[in-house]
Amino acid sequence: MPLIRLDKFICDQGLAARKEVRQIIKAGRVRLDGAAVTAPETKFDPEKSLVELDGSPLGYARFRYYMMDKPSGVLTATRDGKQKTVLDLVTPEMRRMGIFPVGRLDKDTSGLLLLTNDGNFAHRVISPKSEVEKLYYAKVDGLPDLSDCEAFQQGLILADGTRCLPARLELLGGNECYVVVMEGKYHQVKRMLASRGKPVLALRRLAVGGLSLDSALSPGGFRELTETDLCRVFMGR
């Protein structure tokens, strides 16, 4: 593994801001392979060396991955001057890691939202080429029927000319349905259903790939993903 600066190593854990980390190191609170180190720019291989802060070992995880049950009424953004965003719901340590949302959920859409500081992972999840399915539960104004299912399967063309990839509409009875898409155009699920005369009343994302929203999470709650969770993201339902 390439050598990494000691101050960056500690910052990547989200333990403190870069300025604070330098002060911590200069104060002699950090040991590298048992020896005190006071130079923030010290470089080392995190796979071969042990770093301790105040006597406690620090493991290294450059990239972090979380799932959140995004509540309705919160923006999927990293910052906004007037409205609450999903990053306002996480810890200061996570924000210092550079966590950002993977894709977007509309302000009034709830459910599974992935958060990470891994740009390559985010791109793979979002890109239609990866064929990662996103499952939504929708309640609509109207009664979806088999003709709607067929239209979704063929690939809808929206009023502004936007072409949607083939998708699935699964009837649940009454005005409820599941929608499965592999892309995330602006307000796509809402626009697709509206194009069939079934405007959305409520929308909730339940799964990304083979990873389902953890039912133990409350609205606004989050947890770190396990290795098994990460594998499920790129598996089918």
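By helices and strands I mean DSSP runs, of at least four residues for a helix and at least two for a strand, numbered from the N terminus. With that settled, I opened this predicted model and counted seven helices and 15 strands in the protein chain.

**Entry 1: the whole chain**

I began with the overall extent. The C-alpha atoms fill a box of roughly 70 × 35 × 35 Å along the principal axes. Of the 237 residues, 44% are buried. I then looked up the contacts between residues at least 6 apart in sequence, and 64% of them join residues at least 24 apart. The accessible surface comes to about 12,400 Å², and carbon and sulfur atoms hold 50% of that. For the charges, I compared the mean position of the 36 positive ones with that of the 30 negative ones; the two lie 5 Å apart.

**Entry 2: helix α2**

Next I went to α2, residues 18-26, and asked which of its residues are buried. I found Val21, Ile24 and Ile25. Looking down the helix axis, I saw these buried residues fall within an arc of 95°, so they line one face of α2. A reminder I wrote in the margin: an α-helix has 3.6 residues a turn, so residues three or four places apart point the same way. On the other side of α2, I noted Lys19 and Lys26 as exposed.

What do the buried residues of α2 pack against? I traced them to α1 (6-11), β2 (30-32) and β5 (51-53). After the helix comes Gly28, with a positive phi near 80°.

**Entry 3: aromatic pairs**

A search of the whole structure gave me four aromatic pairs. One of them joins Phe9 and Phe44 edge-to-face, at 5.3 Å centre to centre and with 65° between the planes. This pair links distant parts of the chain, since Phe9 sits in helix α1 and Phe44 in strand β4 (residues 43-44), 35 residues apart. Are these two rings buried or exposed? Phe9 has a relative accessible area of 1%, under the 20% cut-off, so I marked Phe9 as buried. Phe44, at 4%, counts as buried too.

I then turned to Tyr65 and Phe121, an edge-to-face pair at 4.9 Å centre to centre, with 70° between the planes. Here Tyr65 belongs to strand β7 (residues 65-70) and Phe121 to helix α4 (residues 119-126), 56 residues apart. I checked their burial, and both Tyr65 and Phe121 are buried. Together with Phe234, they form one aromatic cluster.

**Entry 4: helix α6**

I moved on to α6, residues 188-195, and listed its buried residues as Gln188, Val189, Lys190, Met192 and Leu193. I noticed that a lysine, Lys190, is among them. The packing partners of these buried residues are β10 (134-140), α5 (146-154), β11 (168-173), β12 (176-181) and β13 (200-208). Just after α6 I met Gly197, which takes a positive phi of about 75°.

**Entry 5: positive phi outside glycine**

Last, I looked at two aspartates. Asp33 has a phi near 55°, a positive value in a residue other than glycine. I placed Asp33 in the loop between β2 and β3 (35-36). Asp54 has a positive phi of about 55° and is not a glycine either. I found Asp54 in the loop between β5 and β6 (56-58).

How much of each is accessible? Asp33 has a relative accessible area of 48%, so I noted Asp33 as partly exposed, below the 50% that "exposed" calls for. Asp54 also comes to 48% and is partly exposed.

Notes
Residues numbered from 1 in each chain as written. Predicted model: local features only at pLDDT ≥ 70, side-chain atom pairs only at ≥ 80, totals over all residues. Heavy atoms only, no water. Buried < 20%, exposed > 50% of the residue type's maximum accessible area, 1.4 Å probe, protein only. Arc of directions from axis to C-beta. Contact = heavy atoms within 4.5 Å. Areas by Shrake-Rupley, 256 points an atom, 1.4 Å probe, with all protein chains shown as cover. Lys, Arg positive; Asp, Glu negative; His and termini not counted. Charge placed at Lys NZ, Arg CZ, Asp CG, Glu CD. Phe/Tyr/Trp six-rings, centres within 6.5 Å; stacked < 30°, edge-to-face > 60°.
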